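Me: I've got a model open and would like to talk it through with someone. Could you take my questions one at a time?

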Amino acid sequence: MSSSKHPASTSFKAPDSSSLQLNDQGKLRHFLTTDGLSKQVLTEIMDVAESFSGVAEQAVKKVPLLRGKTIANLFFENSTRTRTTFDLAAKRLSADVINLNIATSATTKGESILDTIRNLEAMQVDMFIVRHADSGAAHFIARHVAPHISVINAGDGRHAHPTQAMLDMFTIRRVKKDFKRLKVAIIGDILHSRVARSQIHALNTLGVREVRVIAPKTLLPSDTDSLGVHVYGDLKTGLDDVDVVIMLRLQRERMGAALLPSEHEYFECFGLTEERLSYAKPDVCVMHPGPINRGVEMDAAVADGPNSVILQQVTNGIATRMAVMALTLGHYATGKSS
Amino acid sequence: MGKTLTSVDIDATIKAMGVDLAGLLAQREITQPLMIGVHTGGLWVAQKMHQALGLSKPLGEIDISFYRDDFTRIGLNPQVKPSQIPVSIEGEDIVLVDDVLYTGRTVRAALNEIFDYGRPNSVTLVVLVDRSGRELPLQADVIGLKLDLSPQKQVKLTGPAPLALETNRN
Amino acid sequence: MNICIKNGRLIDPANQRDGVHNIYIANGRIQSIGRSPNGFVAKQTIDASGKLVMPGFVDLGASLREPGYEQKASIKSETRAAVAGGYTAVCCLPNTKPILDTPAVVQLILDKAELAGFAKVLPLGALTVGLNGDTLSEMYALKKAGCVAVSQAPNNNLTSQTLRRALQYASSHDLLVVLKPEDVSIKDNGCVHDGAMSSKLGLAGIPASAETVAIAQIIQLAAETQARVHLTGISAAKSVAMLARAKFENIAISADVHAYQLHLTELDVGTFDANYHTSPPLRTFEDRDALRAAVAQSIISVSSGHQPHEEAAKQAPFPSTEAGISSLETVLPLMLRLVDEGLLDMNQLVERLSLAPATTLGLDMGSLAKGSLANICIVDPDAVWQLTAKTWRSRGQNTPFFGQQMKGQVTHTLVEGRIVFKK
């Protein structure tokens, strides 16, 4: 409960989720949000992802690490891309995978999320990968699963998409090597973006020089700077001297809700063209979580140009997810090895 | 703190192993072996042997972290080194090199990993130290030195320069 | 039954009384204060030494869930919780099922309340039929059947024109109109305050303007129609300013704040704790402090905001949980915390919880005068107790204070001279 005296400092400090995500030995048990995890944990994820990258490049793309484990993809929100990457990642670790599209099954008939979880637990599932339209859904599920089960957040509402953020961090590390001196700009619909929130936390934890957000006013959340970013309203000033540009996807629904007049106007003000890209550093790398709306977020020249690392992000997505699965499923250590 | 076995001359031991190995390979009529060292200690030993024997095929290295059988017991070690086998395994005569043969589980994992790459013609096992405590029916073909240690004692190869054997209480 | 409550500190701001006096009760009324009436023989004597004797609290809007939502609670369970919390009268919101828009439903509720025999239930008739926001309800019939006021709460689906006409009509029958100030289009699908917390958690936020825009509208219409309006559950600092100004301009508009809103803020949502999902949402420290000051300055009174829920209602991801706290039993300890902090004195506490609501409703309650109905609660302000399933009476266990230690407890409650609660 709030104490009756509030902190004198103006910086916003809210409770974080690390107590839920880490087990008693400080090992990652659930991966729900990048917010509150230490630099050490985030670095560990990237290091393990590095070793799994090697696996994907080998002739043998599979390792037996998670053989015998059952992983359930619980997608309450449709997504072929993300689900396929998790599916592939799990199979490359030799785990068994169940794919559940709940949007079309029991929950519409009224089965509560808890009942769905309990039924799956009864079928000896070891891990839930959850995507849901409600912010906080992965946290909710993590609070209710048995002690040996891990939960990975594949995207909850607007809140977090931590595996996407980690594959982005992994990509940045591979291209730029050192986070310390980087100025990173995130452009687009920050208000509705779980990817942006997770990226902002991760970038700040990894110690980048500056995180900027560039967006129209209607697409910025309240108290934006309390997230740990500098806010810019236009590309010219926002992109100045920037090392990494992350473009967010603009969804059509935003026009219907009177948040923006049109995709055309958005592109005019915030779309990334070769000319605008030149405001940033010459070796700037351009990223996008996908799928890209060509001509809305960026034009083809940028998407396919030399600064783009978008395809690398996709490749890195599998290794990163393998890393997160391997680390979390190994949390329930029963003893020492001989 | 471990106690260094100062009585052991590692370089000399590895030299002797090289001689034994050469003889064994000749006996088996293996002229183009593919040497693979197990990270980390086995690779150090393999590097010395590979150079001393002047093998033509490049040295391979494997990290068995993803093939261990104790994942559920101790989780994943985040410091996994890359496995690199420069040539296809198919039909090759492998010389697998490790530093310490103890329970046999590391060798089991290494064999599984190698077989995931392809079907070798044969595998010859070379170890620097063969210590008591086998839990699986595996034996080495070339042994540097034998040690009879109590289960409470641990022996480890430190390196890469200088290489030294250390014993420890568990 | 003849009852004497002796040695208690009587706190009765209605009659400017604060001191140790005996109270003598017979035939459901207070017969005398201080001196025993001639020939009075007490059948039961309550020794209230070291305790406070107050007029029973009056709540301006609670959800009793019956008829229609019995899986959450019942009139019996919640009126029982009410008296345990010191409340002798509770207004029942019209969002029952069927809606409280016919005399039959009014009668049903009154009958059930009488059968339960705990706190008195004061029905708030629906302002519009089915709370649909289109058709005026038969307010005269509802008043005749026993409604003390009419209300559109918790809905907000009236056009400005319909609201204006509804206010006119209600005032023609001298009925108070209770409204929840909330602009539905601004609120949209928000579930927390629109601020740093909503940004961090990625939850749709409800800005303060959702409340202030509605209040601005209501104040103008109330002034123009000269209707009496009460706003239930305000949450923002800006709302307080608007209400103070309206009061200054002698517009007949009053308001209350839910007791928990004087303590909790958006930070308490923490990592998606659904126990803190309320409507209106918990806002910032600045808002909370302004609401406290407003209570201290008698600009607003205090209500419970009581919303009992079944367990499943809170067992879902945050945005999909139902809003509301089961709060009748925690109002007293929460208000006593403010007295301890020096924000209020005991007289003001009593005034905000009983006299002010009674005055708003135009009822003869909230006073310990000779001749008035004996609606009384006796409080031990120092009693420390643990909020557990054992000590909790409401059927809804949805309270963020569960498991916490509370200070201040009701020892006895009397409704119209009958002891309906004893610790």
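Me: Let's start with chain B. In what order do its elements run from the N terminus on?

Reply: Bear in mind that this is a predicted model. Chain B comes to four helices and eight strands. Reading from the N terminus on, they run β-α-β-α-β-α-β-α-β-β-β-β.

Me: How does the radius of gyration of chain B sit against the globule rule?

Reply: The C-alpha atoms of chain B fill a box of roughly 40 × 40 × 30 Å along the principal axes. For 170 residues the globule rule gives 15 Å, and chain B is close to that, so it is as compact as a globular protein of that length. Its radius of gyration is 15 Å.

Me: What share of the contacts in chain B with a separation of 6 or more comes from residues 24 or more positions apart?

Reply: On burial, 37% of the 170 residues of chain B count as buried. As for those contacts, the share from residues 24 or more positions apart is 68%.

Me: Which strands stand at the edges of the open five-stranded sheet in chain B?

Reply: The order of that sheet is β3-β2-β4-β5-β6 (chain B), with parallel pairing. On average, neighbouring strands in it are turned by 25° against each other, direction ignored. An edge strand has a single partner, so one side of it is left without a neighbour in the sheet; in chain B that goes for β3 (60-62) and β6 (142-147).

Me: What is the bridge partner of B:Leu96 in β5(B)?

Reply: Strands β4 (residues 93-101) and β5 (residues 122-131) of chain B pair in the parallel sense, over eight bridges. For B:Leu96, the bridge partner in β5(B) is B:Leu125.

Me: What angle does the direction of helix α4 of chain B make with that of β4(B)?

Reply: Helix α4 (residues 105-117) of chain B packs on the sheet and touches β2, β3, β4 and β5 of chain B. Its direction and that of β4(B) make an angle of about 155°.

Me: Where is the cis peptide bond in chain B that has omega of about -5°?

Reply: Most peptide bonds are trans, so a cis one is worth a look. One of its two residues, B:Thr40, is found in the loop between β2 (34-38) and α2 (41-53) of chain B. The cis bond joins B:His39 and B:Thr40.

Me: And in chain C, what is omega for the bond from C:Ala153 to C:Pro154?

Reply: C:Pro154 lies in the loop between β9 (149-151) and α4 (160-172) of chain C. The peptide bond leading to it from C:Ala153 is cis, with omega near 0°.

Me: C:Leu131 has a positive phi; is C:Leu131 buried or exposed?

Reply: Most residues other than glycine have a negative phi. C:Leu131 is not a glycine, yet its phi is about 55°, and it lies in the loop between β8 (120-126) and α3 (139-145) of chain C. The cut-off for burial is 20 or more other C-beta atoms within 10 Å. C:Leu131 has 23, so it counts as buried.

Me: How does A:Asp223 count on the same scale of burial?

Reply: A:Asp223 also has a positive phi, about 50°, although it is not a glycine. It sits in the loop between β6 (210-214) and β7 (230-232) of chain A. With 17 C-beta neighbours inside 10 Å, A:Asp223 counts as partly exposed.

Me: Staying in chain A, which residue of β6(A) stands opposite A:Val184?

Reply: Chain A has an open sheet of five strands in the order β7-β6-β5-β8-β9, with parallel pairing. Within it, five bridges join β5 (residues 183-187) to β6(A). Opposite A:Val184 in β6(A) stands A:Val211.

Me: Which pair of chains shares the most contacts?

Reply: Two pairs of chains are in contact. Chains B and C are not joined by any contact, as their closest C-alpha atoms lie 28 Å apart. The pair that shares the most contacts is chains A and C.

Me: Which helix gives the most to the side of chain A that touches chain C?

Reply: The contact takes 31 residues from chain A and 28 residues from chain C. On the chain A side, α4 (113-121), α5 (137-142) and α7 (194-205) each supply at least two residues. That side divides into 12 nonpolar, 14 polar and five charged residues. With three residues, the one that gives the most is α5(A).

Notes:
Residues numbered from 1 in each chain as written. Chains lettered and ligands numbered in written order. Predicted model: local features only at pLDDT ≥ 70, side-chain atom pairs only at ≥ 80, totals over all residues. Rg over C-alpha atoms; globule rule 2.2 N^0.38 Å. Buried ≥ 20, exposed ≤ 12 C-beta atoms within 10 Å, placed from the backbone. Contact = placed C-beta atoms within 7 Å. Nonpolar A, V, L, I, M, F, W, Y, C, P; charged D, E, K, R; others polar. Pairing = 2+ DSSP bridges. Axes fitted to C-alpha atoms, helices over the stretch in contact; angles between N-to-C directions.
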